[in-house]
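Trainee: Could you take me through one part of this protein slowly? I would like a close look at the aromatic rings and what surrounds them.

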Amino acid sequence: MKKIITVLLAVAMLACTLTACGGDAAAAKEAKTTGIYLSPAQLSYTNMRPQYNYYLTTFTQQELTLMDDNTYCLIISSSCFSALELAESTNDAKGNERTNFITKIYGTCTSKPNDLDDDLVDVSLGKITRVVKSYDQTYFVDTAAWNDTMGKAVQPPIGTDPSTGAPIYDENAKPLTAEEYIASITLAETEIQVNNKLCTFDYTDFGI
């Protein structure tokens, strides 16, 4: 089904989740938001040829909320489209919507002003305490409200089908606990700089 989208779709999606991120942390710990920062949107392309006659375009953006109790909420969201057509004179585009993913990472952090630039803050993202994830229309998990269905949904594959390349899962495997799932999530990058003046930070490959 074709849908009309804009190049700034990732920005709009993140704006919708902004209140939810700060609200969860504030409600749980009565903490106050000290800063909300957005990364630039990243566009990536995957050419499916020659096996398939199309390519995929993925928009990914990140949002970081810092709280005054040294906690954070990192949101990573992406939307994937095929047959994307960008307009020449406007920001409009046409495309076939494929998948949508969003992950919220909650945890502890430390921050301090940058020694060389007063507008910058050096942030160190620490221990992850909660993960909320919506994996397109496949599954939803929240380690703060865990159940066996979620534990089965995030089971790692035990192999790959050699003919199709699809992952193979053990249907009889014991569901992961929330603690086990959190332990399986690691951030490839934990040291970042945020700009208080622009409310931004560089797009970062967190490996999520």
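Mentor: Happy to; we will start with the whole chain, move to the ring pairs, and end with the core and two loop residues.

First, some ground rules. This is a predicted model, where local features need pLDDT of at least 70 and side-chain atom pairs count only at pLDDT 80 or more, while totals for chains, interfaces and linings use all residues. Residues are numbered from 1 along each chain as its sequence is written, and side-chain values use heavy atoms, with hydrogens and water left out.

The protein has three helices and 12 strands; helices (H or I, at least four residues) and strands (E, at least two) are DSSP runs, numbered from the N terminus. Of its 208 residues, 37% are buried. Buried means under 20% relative accessible area, exposed means over 50%, and partly exposed is in between, with a 1.4 Å probe and protein chains only. The accessible surface is about 12,400 Å², and carbon and sulfur atoms hold 52% of it; these areas come from the Shrake-Rupley method with a 1.4 Å probe, and for residues only the protein chains shown count as cover.

Now the strands that carry our rings. E5 and E6 run antiparallel and are joined by 14 bridges, with a hairpin of five residues leading from E5 to E6. Two strands pair if DSSP finds at least two bridges between them. One bridge here sets Thr-71 against Thr-108 in E6. E6 also pairs with E7, again in the antiparallel sense, over 12 bridges, and six residues lie between these two strands in their hairpin.

On to the rings themselves. Rings of Phe, Tyr and Trp (its six-membered ring) pair if their centres lie within 6.5 Å; planes under 30 degrees apart count as stacked, over 60 as edge-to-face and the rest as tilted. By this rule there are four aromatic pairs. In one of them, the centres of Phe-59 and Phe-81 are 6.0 Å apart and the planes meet at 80°, so the pair is edge-to-face. Phe-59 belongs to strand E4 (residues 55-67) and Phe-81 to strand E5 (residues 71-86), so this pair ties together parts that are 22 residues apart in sequence. Phe-59 is buried at 2% relative accessibility, and Phe-81 is buried at 0%.

Another pair, Phe-101 with Tyr-135, is tilted, with 4.9 Å from centre to centre and 55° between the planes. It links distant parts of the chain, as Phe-101 is in strand E6 (residues 92-113) and Tyr-135 in strand E7 (residues 120-135), 34 residues apart. In the strand pairing, too, Phe-101 stands opposite Tyr-135 in E7. Phe-101 is partly exposed at 24%, and Tyr-135 is partly exposed at 33%. Ring pairs join Phe-101, Tyr-135 and Tyr-139 into a cluster.

One ring has a charge for company. The charged end of Arg-130 sits over the ring of Tyr-106, 5.0 Å from its centre; to count, NZ of Lys or CZ of Arg must be within 6 Å of the ring centre and within 35 degrees of the ring normal.

Next comes the core. A nonpolar core is a set of buried Ala, Val, Leu, Ile, Met, Phe, Trp, Tyr and Cys residues joined through side-chain atoms within 4.5 Å. The largest one has 26 residues, and Leu-64 and Tyr-72 touch the most other members. At least two residues of this core come from each of E4, E5, E6, E7, strand E8 (139-142), helix H3 (178-184) and strand E11 (191-195). With five residues, E7 gives the most to this core. Beyond its neighbours within four places in sequence, Tyr-72 is in contact (heavy atoms within 4.5 Å) with residues including Leu-64, Ile-105, Tyr-106, Leu-125, Ile-128 and Leu-187. Apart from the largest core lies another, of five residues, among them Cys-73, Ile-75, Ile-102 and Val-132. Across the protein, 56% of contacts between residues at least 6 apart in sequence join residues at least 24 apart.

Finally, look at two loops. Asn-70, in the loop between E4 and E5, has a positive phi of about 60° although it is not a glycine, and is partly exposed at 43% relative accessibility. Asp-136, in the loop between E7 and E8, also has a positive phi, near 50°, and is not a glycine either. Asp-136 is partly exposed at 25%.
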